[in-house]
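Q: Please take a close look at a single part of this model and describe it in plain terms.

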Amino acid sequence: MKQFHILLCVMAVLLCGTALAHTGVKNPAVKARMASMSGIAAELKTIGEMAKGKTAFDQQQARAAAAAIAVYAAQTPELFAQEEDDPMSEAKPEVWQNFDDFTAKSDALERLSRDLATRISSQADVQTAVKELAQSCKDCHRIYRE
């Protein structure tokens, strides 16, 4: 249970940081990347609120959120294909130095999300989904995000 609460805190920090990071972004490519990451965060929030019991469990909504995360994850390599920068960007240079690994992490998130979009059937599944999704995000952000 403690680990679940830690993952929820990590998710909250990611959501708050994402909202603040967009202020003043000038580069359209960076802005598009940030919008996509915000989309993932918003969908994760939907699932997270169900996991915490803030909103009622809704299988269709949870599965739709997971499917949307998969779509965003599929777009990630293309959004980062060009090394674009902006003073507000949180992407580290390691994204482009290790682009194959970065892409593999994005692909893993896409696969996980597609699986969750068909597998979530209960409140317990939503709690497991939040843990798995948060870990996938953390695996990438730990290396590639400032």
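What covers the buried residues of helix 5?

A: This is a predicted model. The cover over the buried residues of helix 5 includes helix 2 (28-52), helix 3, helix 4 and helix 6 (123-144).

Start with helix 5 itself, which runs over residues 99-119. At 1.5 Å a residue, its 21 residues should span 30 Å, and its end C-alpha atoms are 30 Å apart, which agrees. The buried residues in helix 5 are Phe 102, Thr 103, Ser 106, Leu 109, Glu 110, Leu 112, Ser 113, Leu 116 and Ala 117. An α-helix has 3.6 residues a turn, so residues three or four places apart point the same way.

One residue of that list to look at is Glu 110, in helix 5. Glu 110 has a relative accessibility of 18%, and because the cut-off for buried is under 20%, Glu 110 counts as buried. Apart from its neighbours within four places in sequence, Glu 110 touches Ala 70, Ala 73 and Ala 74. Another glutamate, Glu 83, sits in the loop between helix 3 (59-79) and helix 4 (94-97). At 56% relative accessibility, Glu 83 counts as exposed. Glu 83 and Val 30 are 53 residues apart in sequence, but their C-alpha atoms are 9.5 Å apart in space.

Val 30 belongs to helix 2, where it is one of the buried residues. Others buried in helix 2 include Arg 33, Met 34, Gly 39, Ile 40, Leu 44 and Ile 47. The 25 residues of helix 2, at 1.5 Å each, should span 36 Å; the end C-alpha atoms are 35 Å apart, which agrees. At the N-terminal end, helix 2 is capped by Asn 27, which has a side-chain oxygen 2.8 Å from the backbone nitrogen of Ala 29. Just after helix 2 comes Gly 53, with a positive phi of about 85°.

Next, the aromatic rings. The count of aromatic pairs comes to four. One of them joins Phe 80 and Trp 96: the ring centres are 6.3 Å apart and the planes are at 40°, a tilted pair. This pair links distant parts of the chain, with Phe 80 in the loop between helix 3 and helix 4, Trp 96 in helix 4, and their positions 16 residues apart. Phe 80 is buried at 7% relative accessibility, and Trp 96 is buried at 17%. Phe 102 and Tyr 144 make another pair, with centres 5.4 Å apart and planes at 85°, so this one is edge-to-face. It too links distant parts of the chain: Phe 102 is in helix 5 and Tyr 144 is in helix 6, 42 residues apart. Phe 102 is buried, with a relative accessible area of 5%, and Tyr 144 is buried, with 3%. Phe 80, Trp 96, Phe 99, Phe 102 and Tyr 144 form one aromatic cluster.

Finally, the cysteines. A search of the whole structure finds zero disulfides. The sulfur nearest to that of Cys 137 among the cysteines belongs to Cys 140, 8.3 Å away. A disulfide needs two cysteine sulfur atoms within 2.5 Å, so a gap of 8.3 Å does not qualify. Cys 137 is buried, with a relative accessible area of 10%, and Cys 140 is buried as well, with 14%.

Definitions and conventions. Residues numbered from 1 in each chain as written. Predicted model: local features only at pLDDT ≥ 70, side-chain atom pairs only at ≥ 80, totals over all residues. Heavy atoms only, no water. Buried < 20%, exposed > 50% of the residue type's maximum accessible area, 1.4 Å probe, protein only. Helix = DSSP H or I, 4+ residues; strand = E, 2+ residues; numbered from the N terminus. Contact = heavy atoms within 4.5 Å. Expected span 1.5 Å × (residues − 1). Polar contact = N/O pair within 3.5 Å; in protein donor to acceptor, adjacent residues only side chain to side chain. Phe/Tyr/Trp six-rings, centres within 6.5 Å; stacked < 30°, edge-to-face > 60°.
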